[in-house]
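Morning, everyone. Please have the sequence and the model open, and follow along as I talk.

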Amino acid sequence: MPVKPYAHPNGAVAPTIPTQFVPRHVAVVMDGNGRWANQRGLPRNEGHRAGEAALLDVVAGAIEMGIDCVSAYAFSTENWKRSIDEVSFIMKFSVDVLDRQLETLNNWGVRIRWAGRRPKLWKSVIKRLEECEEATKNNTVCTLVMCVNYGGRAEIADAAAALAQDVADGKLKSTSINEKVFQKYLDEPDLPDVDLFLRTSGEQRFSNFLLWQSAYAEMVFMNVLWPDVDRTTLWKAVEEYALRDRRYGGAVDKISK
Ligand code: IPE
Ligand code: IPE
Ligand code: MG
């Protein structure tokens, strides 16, 4: 039996929101680590280090709210542009975080999955991510997708390549390609579309995160740096999400007299 996550240190409890207004899938761009560190006169890597607790607390908050899936953007296909020192730190740190947190997440009933590209990614990181996927594959409380060496365009281009290969091999007719078929070639085809796209640090952009899956996501941008985040940040975002009118292109008259 999964155990409940530890309580919020200040005793904060999740807001009561009717289930239909709770997002099933939340995408989180964990941004602002470098600025958080630099504001304190520290090197950027200290910001990444301080972000570990934030992620764990957000997962705890997601479980408390009954959110099915959290996709966490940990390293993008563009983040290789950073200094060797920072890239190597993040690679080693990712393995360490998984080592430290696997037991807790597993106890909470969290299923860990990895979305991202293999090329360039450190073997040690791939190995640990795959071990975590295997160790938690039967968990059903919440899914945590660690997006490491992930890029939305790369994911779509890779899917197109795999699809073209299937057509060339005669496994698929080009005339039967549609959105549903295409989606099957993405990294995690069985996950629901993103409902809530949350980015911290004040930046208001996708930065190549879950482009296909976020087509109709509600965007919430928060002015808080990632290491200062805890589950109450997620809850605030969900409260805002719950007020949004999701129309998906449809329209109905709401004439007031
Ligand atoms: C997000 O924080 C973490 C990663 C991209 C790995 P940043 O490192 O981008 O922090 P800022 O945006 O420079 O403050
Ligand atoms: C997006 O943040 C990537 C992650 C949070 C892992 P970045 O900091 O890399 O994005 P930009 O450069 O501000 O667009
Ligand atoms: Mg950033």
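The shell around ligand 1 holds three nonpolar, five polar and five charged residues. Here Ala, Val, Leu, Ile, Met, Phe, Trp, Tyr, Cys and Pro count as nonpolar, Asp, Glu, Lys and Arg as charged, and the others, Gly among them, as polar.

A word on the source: this is a predicted model, where local features need pLDDT of at least 70, side-chain atom pairs count only at pLDDT 80 or more, and totals for chains, interfaces and linings use all residues. Residues are numbered from 1 along each chain as its sequence is written, chains are lettered from A and ligands numbered from 1 in the order in which they are written, and side-chain values use heavy atoms, with hydrogens and water left out.

Back to ligand 1. Which residues come nearest? Of the 13 around this ligand, they are Asp31, Gly34, Arg35, Arg44 and Arg82. Being near means having a heavy atom within 4 Å of the molecule.

Now the polar contacts, which are pairs of N or O atoms within 3.5 Å. Arg35 puts a polar side-chain atom 2.7 Å from an oxygen atom of ligand 1. Asp31 does so at 2.8 Å, also from its side chain. Asn33 uses a polar backbone atom, 3.1 Å from an oxygen atom of ligand 1. Alone, ligand 1 exposes 380 Å², and the protein buries 87% of that. These areas come from the Shrake-Rupley method with a 1.4 Å probe.

Which element gives the most to this shell? H1 does, with three residues. Helices are DSSP runs of H or I with at least four residues, strands are runs of E with at least two, and both are numbered from the N terminus.

On to ligand 2. Its surroundings are Val29, Met30, Asp31, Tyr73, Ala74, Phe75, Asn79, Arg82, Arg199, Arg205 and Ser207. They divide into five nonpolar, two polar and four charged. Strand S2, residues 69-76, gives the most, with three residues.

What touches the oxygen atoms of ligand 2? A side-chain N or O atom of Ser207 lies 2.6 Å from one oxygen atom. A polar side-chain atom of Asp31 is 3.2 Å from an oxygen atom of ligand 2. For Arg199, again through a polar side-chain atom, the distance is 3.3 Å. On its own, ligand 2 has 390 Å² of accessible area, and the protein covers 78% of it.

One residue to remember: Asp31 has a side-chain contact with ligand 1 and with ligand 2. Find Asp31 on your screens.

How values were computed. A polar contact is a pair of N or O atoms within 3.5 Å; within protein, one must be able to donate a hydrogen and the other to accept it, and residues adjacent in sequence count only if both atoms are side-chain atoms.
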